[in-house]
Amino acid sequence: MDENCIEVLKNQLSIARNEIKNLRLQIGNLQHVHQKEIQNINQKLESFQCESCRTNQIDSIASNTIINEPSNSKLEFEPIGVIKTVFPEKKAVPRQANMFSQVVSRIELSSAIFNNPEHSLDGLEKFSHVWIIYHFHRNQAHLKAKVAPPRLGGERVGVFSTRSPHRPCPIGLSLVQLDRIEGSSIYFFGTDMVNDTPVLDIKPYIPQYDVPEKFDEQQFHWSREAPDGEENFENTASVRPVPSNAISSVAVPNWVLNSSTLRVLFNENAENQIKELAIDKKSIADILKADPRSVYLRTKYGSQIFTFQLSNNTVTCKFDDQQSTVTVLQVRKVINLCDLASGSQDEL
């Protein structure tokens, strides 16, 4: 056997070893995902209730809702409604609302709060954006003072310097774009919540109050002030100057600004499936380009197979961290085991 053949065999052996290493990493990742899914299934089984039991529990909560005195350690609030989104699971839910702004989600107000919940929305249609305050109902209270934001690659900072959903009081705040209001439902663009998230409050976005501004040219901050509920946004005559040193310039740390964006690719198989299922391709790209993986998955397993559910479809993709790309490999309908069982019984 000549030297050229030996070199070829060595190269092939090296490639084979690298492939085996990658397969081992992917198997480890799949085991981790499998364990998480088993935990989720066990939690659902433990908390499962039939429809009548769930209705009785909701009625009981509604009739016994308590807001304790400030001296007590707990405050209990009844949600005013739920948010309906295309994300049935926490996996791959966008970290910020503006990262997923193509698909419409909605808030469904509960009739247990108001006899006519649609009356509470009168006038909201005049605003372009709203704040949604909600409960991270899939997260337990997180009592650690430091967390690891994905952009810091494992480095920990104080929880109150981040927007992590893992907080001592699991409450979320999102700014979304209002699409329309129909009856007691609010339709909006910008989703970073899991399906059936309980809503605690809704407030209109008012740039005069919610956006710090500084006009250096005139050395003044301009503010518009009016009593709550008496704002007149068409009349700007009541503008008064405030000294420029009254409000400091807006600042955020560099790690917030230095966010990386992945290049999203679709193989031929995924392209055909997306067309067949009539899915918005951009909605998948918006989720993946911001890298929805946790710090744990990204640092421990590196390039890997990743799956997530989007509405009734499962998306399978593969990350390439060296090339900063992610390739969508497959998009398929979720198989509902209950439907299959029902169908088999019908056939009998």
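In this predicted model, helix 1 covers residues 3-46, and because a helix is expected to advance 1.5 Å a residue, its 44 residues should span 64 Å, which agrees with the 64 Å that separates its end C-alpha atoms. Within helix 1, the residues Gln26, Gly28, Asn29 and Val33 are buried, and the buried residues of this helix pack against helix 7 (295-301), strand 12 (305-310) and strand 13 (313-320).

These partners of helix 1 lead on to the interior. The largest nonpolar core has 27 residues, and those with the most contacts inside it are Ile284, Leu288, Phe308, Leu310 and Val328. Two or more residues are given to this core by each of strand 11 (263-266), helix 5 (268-277), helix 6 (281-289), helix 7, strand 12, strand 13 and strand 14 (325-333), with the largest share, four residues, coming from helix 6. Val328 illustrates how these parts meet: leaving aside residues up to four places away in sequence, Val328 touches, among others, Val264, Phe266, Ala270, Ile284, Leu288 and Val315. A second, separate core holds 18 residues, including Ile80, Leu109, Leu124 and Tyr134. In soluble globular proteins, nonpolar side chains tend to be buried together.

Strand pairing can be followed through strand 8 (residues 197-204). Strand 1 (residues 81-84) pairs with strand 8 in the antiparallel sense over three bridges, and Ile83 has Thr197 of strand 8 as its bridge partner. Strand 3 (residues 129-135) likewise pairs with strand 8 in the antiparallel sense, here over five bridges, and Val130 stands opposite Pro204 in strand 8.

Conventions
Residues are numbered from 1 along each chain as its sequence is written. This is a predicted model: local features need pLDDT of at least 70, side-chain atom pairs count only at pLDDT 80 or more; totals for chains, interfaces and linings use all residues. Side-chain values use heavy atoms; hydrogens and water are left out. The expected span of a helix is 1.5 Å times one less than its number of residues. Buried means under 20% relative accessible area, exposed over 50%, partly exposed in between (1.4 Å probe, protein chains only). Contact means heavy atoms within 4.5 Å. A nonpolar core is a set of buried Ala, Val, Leu, Ile, Met, Phe, Trp, Tyr and Cys residues joined through side-chain atoms within 4.5 Å. Two strands pair if DSSP finds at least two bridges between them.
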